[in-house]
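Please follow the chain through the structure below, where a few local features are taken up one after another.

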Amino acid sequence: MTCPIGTNIQKAAEIVRDGGLVAFATETVYGLGANALDVDAVAKLFEVKERPRFDPIICHISSATQLETLVDDVPDVARRMAECFWPGPLTMVLEKKPCVPDLVSSGLPTVGVRVPNHPVALELLRAADTPIAAPSANRFGQISPTCAEHVAEQLGERIDYILDGGPCPIGVESTVVEVTETGTRLLRPGGLPVEEIERRIGEVEITVQRADDSEPAAQLAPGMLPKHYAPTTQLVLSATPVAPLDGERVGLLTLMPLDETSGFTAVEVLSQTGRLAEAAAGFFAAMRRLDGLGLDRIIATPFPEAGLGRALNDRLRRASAP
Ligand code: TXA
Ligand code: MG
């Protein structure tokens with residue numbers, strides 16, 4: 001039986017406080033939340049998502065003033081970033097306090113923290129009155145959910161409540177950066193373009209592992225595992241998609257309309273005018289629709305490698321990894 005979907009924030013907060021699991025809307029993707037300070041609840045998160053224990057979970061807080069409950073020394077640059085970008089699609093990885101369970105941080109000395117920019121998420125955080133550990137509300141490795149129904153499809157039978165806040169306006173996960181006294185390093189490109197951070201804060205070191213690296217993924221940011229965000233249909237990246245052969249059922253995912261798309265079974269154009277923000281908002285839903293058609297494969301064209309295009313290319317590369 002699938003769990004209730006609703007808009008009752010008090011009920012959702014109560015479930016979190018009682019050690020249950022609540023999926024909730026954020027501006028990026030839906031998160032699957034548990035009380036971050038309750039080890040048993042966090043353990044359930046890993047189980048339900050089938051997530052390996054080595055993949056740490058982001059803690060969500062309702063405002064930057066709550067940082068002190070999770071982090072000992074907040075570097076000046078992290079404070080500036082919080083002022084500039086919170087609430088918003090930025091996760092900062094900082095040295096954690098001992099009260100943050102090792103399970104949340106997968107044994108790392110650090111914790112990822114963010115203040116989401118969504119009224120439903122913020123209300124929930126305030127009502128629950130505790131930091132909420134929340135990975136994206138999908139089964140591990142699969143497509144991230146950007147509306148309540150997507151959560152229900154993947155996890156509805158395993159969780160307690162889905163707090164519906166409508167479709168996620170940004171549509172890709174937060175940008176994850178590690179922040180220390182000595183510098184800022186990008187761990188995952190996401191909803192906050194790196195260019196924005198550099199413009200306001202200064203240089204960001206970019207060491208994100210590429211999906212085609214042959215080295216096994218170091219556990220830098222395990223969302224950076226080569227294979228991730230993946231549909232069940234084979235996904236192929238191509239800047240110049242070739243028309244399918246007769247009898248082949250092939251889907252096409254593109255930023256803008258292409259001149260020639262005859263022969264494709266389904267075509268998903270993410271933005272008629274090539275707007276990356278619009279494309280990001282519809283990206284995972286489009287991938288899901290194509291994945292539901294039982295196609296032989298999906299061909300996706302790469303995005304311009306700038307701004308949100310960086311995050312979208314990252315998701316495409318990982319979705320298409322063998
Ligand atoms: O937008 C988002 O970030 C969404 C919403 C729900 O907030 N959450 C999300 O969580 O995408 P998840 O678990 O799917 O991805 C979290 C990423 C992973 O790549 C994880 O490895 C990284 O953040 N991460 C979390 N804590 C970390 C830490 N202490 N050190 C390094 N990476 C960390
Ligand atoms: Mg995820």
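Helices and strands are here DSSP runs, numbered from the N terminus, with at least four residues for a helix and at least two for a strand. The model is a predicted one, and with that numbering in hand, aspartate 129 can be placed in the loop between α6, which spans 119–128, and β7, which spans 132–133. The backbone of aspartate 129 has a phi near 60°, a positive value in a residue other than glycine. Is aspartate 129 buried or exposed? Its relative accessibility is 63%, and because exposed means over 50% relative accessible area, aspartate 129 counts as exposed.

Tyrosine 229 also has a positive phi, near 55°, and is likewise a residue other than glycine. It is found in the loop between β11, residues 205–206, and β12, residues 235–237. With a relative accessible area of 2%, however, tyrosine 229 is buried, whereas aspartate 129 is exposed.

Tyrosine 229 leads on to the aromatic residues, since Tyr229, Phe283, Phe284 and Phe303 form one aromatic cluster. A search of the whole structure finds three aromatic pairs. One of them joins phenylalanine 283 and phenylalanine 303, whose ring centres lie 6.0 Å apart and whose planes stand at 70°, so that the pair is classed as edge-to-face. Phenylalanine 283 belongs to helix α9, residues 276–291, while phenylalanine 303 sits in the loop between β15 (297–300) and α10 (308–319), and the pair therefore ties together parts that are 20 residues apart in sequence. Both partners are covered by the definition of buried, which is under 20% relative accessible area: phenylalanine 283 has a value of 0%, and phenylalanine 303 has a value of 6%.

Elsewhere in the chain, the peptide bond that joins tryptophan 86 and proline 87 is cis, with an omega of about -5°. Proline 87 lies in the loop between α4 and β5, the latter covering residues 90–95.

The loop before α4 leads to the surface, for aspartate 72 lies between α3 (67–70) and α4 (76–85). Which residues gather with aspartate 72 in a patch of negative charge on the surface? They are Asp73, Asp76, Glu95 and Glu181. Aspartate 72 itself has a relative accessible area of 48% and is partly exposed; this is enough for a place in the patch, because patches are made of residues with over 30% relative accessible area and no salt bridge.

Technical notes. Residues are numbered from 1 along each chain as its sequence is written. Chains are lettered from A and ligands numbered from 1 in the order in which they are written. This is a predicted model: local features need pLDDT of at least 70, side-chain atom pairs count only at pLDDT 80 or more; totals for chains, interfaces and linings use all residues. Side-chain values use heavy atoms; hydrogens and water are left out. Patches are made of residues with over 30% relative accessible area and no salt bridge: like charges are joined within 9 Å, nonpolar side chains (Val, Leu, Ile, Met, Phe, Trp, Tyr) within 5 Å. Accessible areas come from the Shrake-Rupley method with a 1.4 Å probe; for residues, only the protein chains shown count as cover. A salt bridge is a side-chain nitrogen of Lys or Arg within 4 Å of a carboxyl oxygen of Asp or Glu. Lys and Arg count as positive and Asp and Glu as negative; His and the chain ends are not counted. The place of a charge is taken as NZ of Lys, CZ of Arg, CG of Asp or CD of Glu. Buried means under 20% relative accessible area, exposed over 50%, partly exposed in between (1.4 Å probe, protein chains only). Rings of Phe, Tyr and Trp (its six-membered ring) pair if their centres lie within 6.5 Å; planes under 30 degrees apart count as stacked, over 60 as edge-to-face and the rest as tilted.
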